[in-house]
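Trainee: I'd like to go through this one term by term. Can you show me the structure and let me ask why each label applies?

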Amino acid sequence: MDFNAQSISIYIRVVAIISLLLGLNDAARLLGVNLGPVSPIATMGMTGFVYLAIFALARLFAAVGLWIKASWGAVLLVGATGVELLLYLLGNTDVRMSAFGFAVRLVLLVSILIIFILSIRSSRARAAD
């Protein structure tokens, strides 16, 4: 996929920034920001802590990949966000998020899928010329 097309370049950078902010928010939750003296592991449980760590790292790496316009960043973001939303919708008690967090993740997933579609359309248009 060609993420270097001018028409989607800015859009990819915006999605990368959203992914970065969401990953940093998850990292802050891992560190126990706003929990006071309570351990984040005690609050979330070990499994929830590990899930959150994996999703936070995946989003941070995906943000870097999207920023440099590498296709692996988009794939990583779709994978991590899709798995997290699937676990949440299946009722896994270890994956916790607010309604706003769910909406942001859903918008992020739809946004990256739109990037895939735009990239495929632009490559087909160039091939036809």
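Trainee: What makes the contact between Asp26 and Arg29 a salt bridge?
Mentor: A salt bridge is a side-chain nitrogen of Lys or Arg within 4 Å of a carboxyl oxygen of Asp or Glu. The side chains of Asp26 and Arg29 meet at 3.6 Å, N to O, so the pair fits that cut-off. Keep in mind that this is a predicted model, where local features need pLDDT of at least 70 and side-chain atom pairs count only at pLDDT 80 or more, while totals for chains, interfaces and linings use all residues. Residues are numbered from 1 along each chain as its sequence is written, and side-chain values use heavy atoms, with hydrogens and water left out.

Trainee: Why are Asp26 and Arg29 separated by about one helical turn?
Mentor: Because they are three residues apart in helix α1. Helices here are DSSP runs (H or I, at least four residues) and strands are too (E, at least two), numbered from the N terminus.

Trainee: Which of the words buried, partly exposed or exposed fits Arg29?
Mentor: Buried means under 20% relative accessible area, exposed over 50%, and partly exposed in between, using a 1.4 Å probe and protein chains only. Arg29 has 29%, so partly exposed is the word. Asp26 is at 0%, so Asp26 counts as buried.

Trainee: What other salt bridge does Asp26 make?
Mentor: One with Arg59, at 2.9 Å, N to O. That pair links distant parts of the chain, with Asp26 in helix α1, Arg59 in helix α3 and their positions 33 residues apart. Arg59 has a relative accessible area of 0%, so Arg59 is buried as well.

Trainee: What does Arg59 touch?
Mentor: Leaving aside residues up to four places away in sequence, the list includes Ser19, Leu22, Asp26, Leu77, Glu84 and Arg105. Contact means heavy atoms within 4.5 Å.

Trainee: How close do Arg105 and Glu84 come in their salt bridge?
Mentor: Their closest N and O atoms are 3.0 Å apart. This pair also links distant parts of the chain: Arg105 is in helix α5 (residues 99-128), Glu84 is in helix α4, and they are 21 residues apart. Both are buried. Salt bridges with shared partners join Asp26, Arg29, Arg59, Glu84 and Arg105 into one network. The whole structure has five salt bridges.

Trainee: How do you know that α3 has about the expected span?
Mentor: The expected span is 1.5 Å times one less than the number of residues. Helix α3 (residues 46-67) has 22 residues and reaches 32 Å from first C-alpha to last, close to the 32 Å expected. Its buried residues include Leu52, Phe55, Arg59 and Leu66. After α3 comes Lys69, with a positive phi near 65 degrees.

Trainee: What makes the nonpolar patch a patch?
Mentor: Patch residues have over 30% relative accessible area and no salt bridge; like charges are joined within 9 Å, and nonpolar side chains (Val, Leu, Ile, Met, Phe, Trp, Tyr) within 5 Å. Among the members here are Ile17, Leu57, Phe61, Trp67, Ile68 and Trp72, and the patch has about 1100 Å² of accessible area together. The elements giving two or more residues to it are α1 (6-31), α3 and α4 (71-89). Accessible areas come from the Shrake-Rupley method with a 1.4 Å probe; for residues, only the protein chains shown count as cover.

Trainee: Is Ile68 buried or exposed?
Mentor: Ile68 is at 55%, so exposed. Ile68 lies in the loop between α3 and α4.

Trainee: How many helices and strands does the chain have?
Mentor: Five helices and zero strands.
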